[in-house]
Amino acid sequence: MRRWLGMLAGALVVVLLAGSTVAAPATGGPTRAEPFVARLDLIGPIGPASAEYVDDVLQRATQDGASAIIVQLDTPGGLSDSMRQIIASLLAAKLPVLGYVAPSGARAASAGTYILYACPFSAMAPATHLGAATPVPLGGESPLPVGNPPAPAATAAKPPPDAESTKVLNDAIASIRSLAQLNNHNAAWAEQAVRGAATLTANEALQNHVIDLIAPDTTALLAGAEGHHVRVAGADVTLHLAGLPVRDYPPNWRTRFLGIITHPTLAYLLLLAGVYGLVLEAFHPGALLPGVAGAICLLIGLYALQLLPVNYAGLALMALGIGLVLAEALAPSVGAIGIGGVIAFVIGSVMLFNTGVPGYAVNVGVIGGIGLSGAAVLAMLLRLVTRSRRARPFNGDAQLLLATGELMQAVSAGGEGWARIAGEQWRVHSEAALPAGARVRVTGRDGLLLRVTQA
């Protein structure tokens, strides 16, 4: 087992060294004597890893002497808390930040729209779009109706939104309007993007003064930004970026690792692996490997859960389901406990990350596969229990009366001797004389003495 632990520790060291090696070129960066523009890519759902990545790149690029930072966006949205962390980092940046929705076909939806509005200078590539920034609370429903206002009759029949939903919506509107006013962009359309989930193409965004430029690539972006005035850290700055080289800043190993474990499906699997690893260790004490691996997976999974918007009712249902399945295995019943456990586990898994945010839900196929596997194991367990209850007893007088064996020595009439019965040696008594090797059948028992007759 020490060998397994040594191999595990060695693997972790190799991963850390490999990650630091990958991140090393970006941390070195160009010298301060050579002006350059840093670029970071926000691709996919916005989450805790994205917030840490933005903050890390802003600090590294500032230390390396970058002239500006391009935040390239292609996101369907993400978590509100992570989005606010990114916005706070962008507003505190000491360098001009250029928001850029690219490449063609990309989008800055939902949280991406807020981030684009937080950038002092914003641009989009052709065939891109932004908008649909209505906040989505836990449960997946919008706090207020979106789109066109409903008909008067429908409005009268529908109950008014609750105070909490109204506060969430108004807070989101105030947030994006303040960003628009700070960077001199269209605040009226920003409110429509939040209240009515409005969207714009790149050309429409430029016409409505939502962005400053349409640029097919970063070279055109820097050329088009030349001479623009932006506000950075409370001071007016004129951009002079045309022709500067662009240096990419990829995520470091910590950010990559955080991005992997905070994926809802992987966090879900880590949690299950941790629980079942500890259960196996409890059933087989001293195995060590299931317990060590399970503890590591459980701790990593719990760390990921505290970074994600978890529905604790779903988590409680999952725990209840696992407990009921284990109870069924330890004290088999007619299957009602186990079936209830599987149902509770599946419902809890569906509820666990039910946020309505794109990219932040457990894959339904994974939940279905684990649920079907649990049901199959439960069915196998019930089948074994049924077979065991129908089987003949393997001990006691009832079983002995059915047993046969072989005499190990000759027995005289009314005498005693030794016989091998059911793999064991027994002292036997026979009323008739029997030779050694004769097959005998048990007819009764007096303590440790068996009465036999010839089979």
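Hi everyone, this is a short walk through one protein chain, from its overall make-up down to a few single residues.

One thing to keep in mind is that we are looking at a predicted model. The chain has 455 residues, and 40% of them are buried. It contains 16 helices and 16 strands. If you take the contacts between residues at least 6 apart in sequence, 66% of them join residues at least 24 apart.

Let's go inside. Which residues touch the most other members of the largest nonpolar core? That core has 52 residues, and the answer is Leu42, Leu90, Ile115 and Leu130. Take Leu130 as an example. Setting aside residues up to four places away in sequence, Leu130 touches a long list, including Ala108, Thr113, Leu116, Met124, Trp189 and Val210. There is also a second, separate core of 19 residues, and among its members are Ile70, Tyr100, Leu222 and Leu244.

Now for a helix, α6, which runs over residues 163-182. With 20 residues at 1.5 Å a residue, α6 should span 28 Å, and its end C-alpha atoms are indeed 28 Å apart. Its buried residues are Ser165, Leu169, Ala172, Ile173, Ser175, Ile176, Leu179 and Ala180. They sit on the same side of α6, because they cover an arc of only 160° around the axis. Why would residues spaced like that line up? An α-helix has 3.6 residues a turn, so residues three or four places apart point the same way.

And which residues are on the face turned away from the buried side of α6? There you find the exposed residues Ala163, Glu164, Lys167 and Gln181. The cover over the buried residues of α6 includes α3, α4 and α7. After α6 comes Asn184, which has a positive phi near 60°.

One of those neighbours, α4, gives us a nice close-up. Ala118 is found in α4, which covers residues 111-118. Is Ala118 buried or exposed? Ala118 is buried, with a relative accessible area of 1%. Leaving aside neighbours within four places in sequence, Ala118 is in contact with Ile87, Leu90, Leu91, Leu179 and Asn183. You have met two of those names already: Leu90 was in the largest nonpolar core, and Leu179 is one of the buried residues of α6. Ala118 and Leu179 are 61 residues apart along the chain, yet their C-alpha atoms are separated by 5.5 Å.

Further along is α12, residues 289-307. This helix has 19 residues and reaches 27 Å from its first C-alpha to its last, close to the 27 Å expected. In α12 the buried residues are Gly291, Gly294, Leu298, Gly301, Ala304 and Leu305. Again they are on the same side of the helix, because their arc around the axis is only 155°. What do the buried residues of α12 pack against? Their partners are α10, α11 and α13.

Between α10 and α11 there is a loop, and Thr262 lies in it. Thr262 is buried even so, at 5% relative accessible area. Its side chain reaches the backbone oxygen of Leu258 at 2.5 Å.

For contrast, look at Ala379, which is in helix α15, residues 364-390. Ala379 counts as partly exposed, at 44% relative accessibility. Between Ala379 and Ile339 there are 9.3 Å from C-alpha to C-alpha, and the two are 40 residues apart in sequence.

Let's finish with strands. Strand β2, residues 68-74, is mostly covered, with 6 of its 7 residues buried. Strand β1, residues 37-43, runs parallel to β2, and 7 bridges join them. One position to look at is Ala38, which stands opposite Ile69 in β2.

Towards the end of the numbering is β14, residues 424-430, with a strand pairing for us to follow in each direction. How many bridges join β13 to β14? There are 6, and these two strands run antiparallel. Trp418 stands opposite Arg427 of β14. The two strands form a hairpin with 2 residues between them, and Ala422 in the turn has a positive phi of about 55°. The other pairing is with β16, residues 449-454, which runs parallel to β14 and is joined to it by 4 bridges. Here Val428 has Leu450 of β16 as its bridge partner.

That's the tour, and thanks for listening!

How values were computed: Residues are numbered from 1 along each chain as its sequence is written. This is a predicted model: local features need pLDDT of at least 70, side-chain atom pairs count only at pLDDT 80 or more; totals for chains, interfaces and linings use all residues. Side-chain values use heavy atoms; hydrogens and water are left out. A nonpolar core is a set of buried Ala, Val, Leu, Ile, Met, Phe, Trp, Tyr and Cys residues joined through side-chain atoms within 4.5 Å. Buried means under 20% relative accessible area, exposed over 50%, partly exposed in between (1.4 Å probe, protein chains only). Contact means heavy atoms within 4.5 Å. The expected span of a helix is 1.5 Å times one less than its number of residues. The arc is that of the directions from the helix axis to the C-beta atoms. Two strands pair if DSSP finds at least two bridges between them. A polar contact is a pair of N or O atoms within 3.5 Å; within protein, one must be able to donate a hydrogen and the other to accept it, and residues adjacent in sequence count only if both atoms are side-chain atoms.
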